[in-house]
Amino acid sequence: MNIGKIGILTSGGDSPGMNAAIRAVVRTASYYCVNCIGISLGYKGLINNEMRKVVPTDVNNLIHRGGTILKTARSEEFKTKFGRKKANINYKKNGLEGLIVIGGDGSFTGAMIFGQEYNIPIIGIPGTIDNDIYGTDFTVGYDTALNTAIEAIDKIRDTATSHNRLFFIEVMGKDSGFIALNSGIATGALDILIPEKKYNLDKLFYSIEKVKQKGKYSSIIIVSEGKKLGGVYDLAKTTKKKFPDYDIRVSILGHIQRGGYPTCSDRVLASRLGVASVEALISGKKNVMTGIKANKVIFTPFLKAIKKKRKIDIDLIKISDIIAC
Ligand code: ATP
């Protein structure tokens, strides 16, 4: 297909590797002689016409940087027909012939609606630390967030061991436990509480008692964020009532998990998906998300990527149960 100009935006929460994806899109567009327009602040920028041409030299020295040079935002206005109408006016005014959206399932919902409403070809790149999107084994940013969490948890373990403390550590993940489960296994956590698995306080108390009898008074318990688990402070309080002689502390890792230099895996993933998304637009694909399955680039319709739930690996839950204590 003959495409002369495409737009690119990042939307929703930022994730490390978004810049590497932007770089890949800009360089691939240039490779195929397609002009590339960078849209600032996600759909908000499309509505407010905040756009500028981006050329390969604009993305020099960028592959290793966290965050997104295009900036990201959430736009309530884009959820309205009127907001999307304004976005379409600017889309046309700037002569765009396709869009690449880097974001999570919310951003793809917006892309799907907008694409259908105005017959606009849109390709999505999954960029979120949560790894919660169907249609890809990994999302851009997940590996970096996981490694950031592990590094922080290892440090907390040092102080936990020195003081004989029991630490409840909350990690990010929205409604999915990928970061919690994998970081918990990698750091030797005593228990891992994730939204996908009904948590059992008796089991947790049994594990604490078991290691106590072995003379171990310091442990790490990983708790995934999200309402389902009732909050890390309440869990710590309930545990303290059961084990009053324990020194129990809470640590919430928070936004450090969103930033930092992307890992090698995230840079390579972002580069592969960036190239694939431009090639997809050129070949006439529309309203699909690029992803990686069994190390191959695949495309999943937005509707499927949004509606289908990405399942956590049951084997990993079993592994954590077996080797935790
Ligand atoms: P993250 O997983 O990091 O939170 P996300 O893409 O899921 O990323 P959201 O805040 O859910 O983040 O969505 C980003 C933006 O997508 C919203 O601010 C809005 O502009 C757009 N969007 C979400 N849902 C819709 C919808 N139903 N209709 C139109 N636009 C939507």
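**View 1. Asp-105 is partly exposed, with a relative accessibility of 29%.** Welcome to this predicted model; the tour starts at Asp-105, which belongs to helix α4, spanning residues 105-118. Which residues does Asp-105 touch, once those up to four places away in sequence are not counted? They are Ile-133, Lys-174 and Ile-306. UniProt, in an unreviewed entry, lists Asp-105 under "binding site".

**View 2. The "binding site" positions from UniProt cluster in space.** Let us now look at the whole annotated set. The unreviewed UniProt entry places this feature at Gly-13, Arg-74, Ser-75, Gly-104, Asp-105, Gly-106 and Ser-107. These positions are spread over 95 residues of sequence, yet the largest C-alpha distance is 14.1 Å. Gly-13, Arg-74, Ser-75, Gly-104, Asp-105, Gly-106 and Ser-107 also take part in the lining of the largest pocket.

**View 3. Arg-74 is exposed, whereas Gly-104 is buried.** Here are two members of the annotated set. Arg-74 sits in the loop between β3 (51-53) and α3 (81-93), and its relative accessible area is 60%. Apart from neighbours within four places in sequence, Arg-74 is in contact with Gly-12, Gly-13, Lys-44 and Arg-258. Gly-104 is found in the loop between β4 (99-103) and α4. With a relative accessible area of 16%, Gly-104 counts as buried because the cut-off for that word is under 20%. Leaving aside neighbours within four places in sequence, the contacts of Gly-104 are Ser-11, Gly-127, Thr-128 and Ile-133.

**View 4. Helix α1 is mostly covered.** How many of the 14 residues of α1 are buried? The count is ten, and among them are Met-18, Ile-22, Val-25, Val-26 and Ala-29. The buried residues of this helix pack against β1, β2 (35-39), β4, β5 and α9. At 1.5 Å a residue, α1 should span 20 Å, and its end C-alpha atoms are 20 Å apart, so the two values agree. After the helix comes Cys-33, which has a positive phi, near 60 degrees.

**View 5. The largest nonpolar core holds 30 residues.** Ile-6, Ile-8, Val-25, Cys-36, Ile-100 and Ile-125 touch the most other members of this core. Which elements each supply at least two of its residues? They are β1 (5-10), α1 (18-31), β4, β5 (122-126), α9 (264-282) and β10 (288-293). Val-25 makes a good place to pause: not counting neighbours within four places in sequence, Val-25 is in contact with Ile-6, Ile-8, Cys-36, Ile-100, Ile-125, Gly-274, Ser-277 and Val-278. A second, separate core has 25 residues, including Leu-146, Phe-178, Ala-189 and Ile-222.

**View 6. Ser-320 is buried, at 11% relative accessibility.** The last stop is helix α11 (residues 314-323), where Ser-320 has its place. What does the side chain of Ser-320 reach at 3.0 Å? Its partner is the backbone oxygen of Ile-317. Beyond neighbours within four places in sequence, Ser-320 is in contact with Leu-181, Ile-185 and Ile-192.

Technical notes
Residues numbered from 1 in each chain as written. Predicted model: local features only at pLDDT ≥ 70, side-chain atom pairs only at ≥ 80, totals over all residues. Heavy atoms only, no water. Helix = DSSP H or I, 4+ residues; strand = E, 2+ residues; numbered from the N terminus. Buried < 20%, exposed > 50% of the residue type's maximum accessible area, 1.4 Å probe, protein only. Polar contact = N/O pair within 3.5 Å; in protein donor to acceptor, adjacent residues only side chain to side chain. Contact = heavy atoms within 4.5 Å. UniProt positions renumbered as here; feature names shortened; annotations may be inferred. 1 Å grid on protein atoms, 1.4 Å probe; cavity = no way out; pocket = protein on both sides within 12 Å on 5 of 7 lines; lining within 4 Å. Core = buried A, V, L, I, M, F, W, Y, C linked by side-chain atoms within 4.5 Å. Expected span 1.5 Å × (residues − 1).
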